[in-house]
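Welcome, and thank you for opening the viewer. Please load the model, turn on the cartoon view, and get ready to select a few residues along the way.

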Amino acid sequence: QVQLVESGGGLVQAGGSLRLSCAASGRTFSNNRMGWFRQAPGKERDIVAAINWSGDSTYYADSVKGRFAISRDNAKNTVYLQMNSLKPEDTAVYYCVAGVLWRAGFLSTSLNAYEYWGQGTQVTVSS
């Protein structure tokens with residue numbers, strides 16, 4: 001059974017930092033795009049960051065550019081999201097994702113490009 005398991009979420013004050021981890025099991029994603037989406041209450045699920053198979057190509061939503069960093073360790077089958085200078089508007093459930101179909105090594109900003117989703121981890125930033 002393929003699983004993506006997120007960890008590292010929690011409650012933090014504005015200006016603080018968190019590091020999310022996503023450990024994959026059941027298959028390797030070392031040749032596949034991965035990423036992070038988030039969904040705040042009453043809002044759509046939006047892309048936060050994405051990374052290609054090798055880690056040398058990344059994408060960030062404008063709202064997090066310069067504050068968040070996505071990285072991956074293919075040997076550990078794990079992807080990370082370092083979140084710095086957190087703001088209350090970053091409060092959301094964060095989902096780890098992996099894509100295995102068409103051009104699977106290239107990153108994508110489309111929700112439909114990711115077939116595997118984690119269960120989500122809550123990040124709450126207090127003002």
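**First stop: Asn52**

Select Asn52 and show everything around it. Leaving out residues up to four places away in sequence, Asn52 touches Asn32, Ser57, Arg72, Gly105, Phe106 and Leu107. Before going on, please keep in mind that this is a predicted model.

Where does Asn52 sit in the chain? Follow the backbone and you will find Asn52 in the loop between β5 and β6 (58–60). Is Asn52 buried or exposed? Its relative accessibility is 9%, so Asn52 counts as buried.

Now display the side chain of Asn52 and look at two partners. One of its polar atoms lies 2.9 Å from the backbone nitrogen of Gly55. The Asn52 side chain also makes a polar contact of 2.8 Å with the side chain of Asp56.

**Step back: the whole protein**

Zoom out and colour by secondary structure. You should see 11 strands and 0 helices. Read from the N terminus, the elements run β-β-β-β-β-β-β-β-β-β-β. The radius of gyration is 13 Å, close to the 14 Å that the globule rule gives for 127 residues, so the protein is as compact as a globular protein of that length.

Try rotating the model along its principal axes: the C-alpha atoms fill a box of roughly 40 × 25 × 25 Å. Of the 127 residues, 45% are buried. If you draw the contacts between residues at least 6 apart in sequence, 62% of them join residues at least 24 apart.

**Second stop: an open sheet**

Next, select β1, β3, β8 and β7. These 4 strands form an open sheet in the order β1-β3-β8-β7, with antiparallel pairing. At the edges are β1 (3–7) and β7 (68–73), each of which pairs on one side only. On average, neighbouring strands of this sheet are turned by 15 degrees against each other, direction ignored.

Keep β8 highlighted and look to either side. Strand β3 (residues 18–25) pairs with strand β8 (residues 78–83) in the antiparallel sense over 6 bridges. Along this pairing, Ala23 stands opposite Thr78 in β8, and Leu18 has Met83 of β8 as its bridge partner. β7 and β8 also pair in the antiparallel sense, over 6 bridges. Here Phe68 has Met83 in β8 as its bridge partner. How many residues of β8 are buried? The count is 5 of its 6 residues, leaving β8 mostly covered.

**Third stop: two residues with positive phi**

Follow the chain from β7 into β8. The hairpin of these strands has 4 residues between them, and Asn77 takes a positive phi near 55 degrees there. Asn77 counts as buried because its relative accessibility is 13%.

For another case, select Arg103 in the loop between β9 and β10 (116–117). Arg103 is not a glycine, yet it has a positive phi of about 50 degrees. Its relative accessible area is 47%, so Arg103 is partly exposed. As background, most residues other than glycine have a negative phi.

**Fourth stop: the nonpolar cores**

Show the side chains of Trp36, Leu81, Met83 and Tyr94. The largest nonpolar core has 28 residues, and these four touch the most other members. Elements giving two or more residues to this core are β3, β4, β5 (45–51), β7, β8, β9 (92–99) and β11 (121–126). Apart from it lies another core of 6 residues, including Phe37, Ile47, Ala50 and Ala113. In soluble globular proteins, nonpolar side chains tend to be buried together.

**Last stop: Arg38**

Finish by selecting Arg38, which is in strand β4 (residues 33–39). Arg38 is buried, because its relative accessible area of 14% falls under 20%. Show its side chain and find two polar contacts: one of 3.3 Å with the side chain of Ser63, and one of 2.9 Å with the side chain of Tyr94.

Now widen the selection. Leaving aside neighbours within four places in sequence, the residues in contact with Arg38 include Glu44, Asp46, Val64, Phe68, Glu89 and Asp90. Finally, draw a C-alpha to C-alpha distance from Arg38 to Thr91: they are 53 residues apart in sequence and 8.8 Å apart in space.

Notes. Residues are numbered from 1 along each chain as its sequence is written. This is a predicted model: local features need pLDDT of at least 70, side-chain atom pairs count only at pLDDT 80 or more; totals for chains, interfaces and linings use all residues. Side-chain values use heavy atoms; hydrogens and water are left out. Buried means under 20% relative accessible area, exposed over 50%, partly exposed in between (1.4 Å probe, protein chains only). Contact means heavy atoms within 4.5 Å. A polar contact is a pair of N or O atoms within 3.5 Å; within protein, one must be able to donate a hydrogen and the other to accept it, and residues adjacent in sequence count only if both atoms are side-chain atoms. Two strands pair if DSSP finds at least two bridges between them. Axes are lines fitted to C-alpha atoms, for helices over the stretch in contact, and angles run from 0 to 180 degrees between N-to-C directions. A nonpolar core is a set of buried Ala, Val, Leu, Ile, Met, Phe, Trp, Tyr and Cys residues joined through side-chain atoms within 4.5 Å. The radius of gyration is taken over C-alpha atoms; the globule rule is 2.2 Å times the number of residues to the power 0.38.
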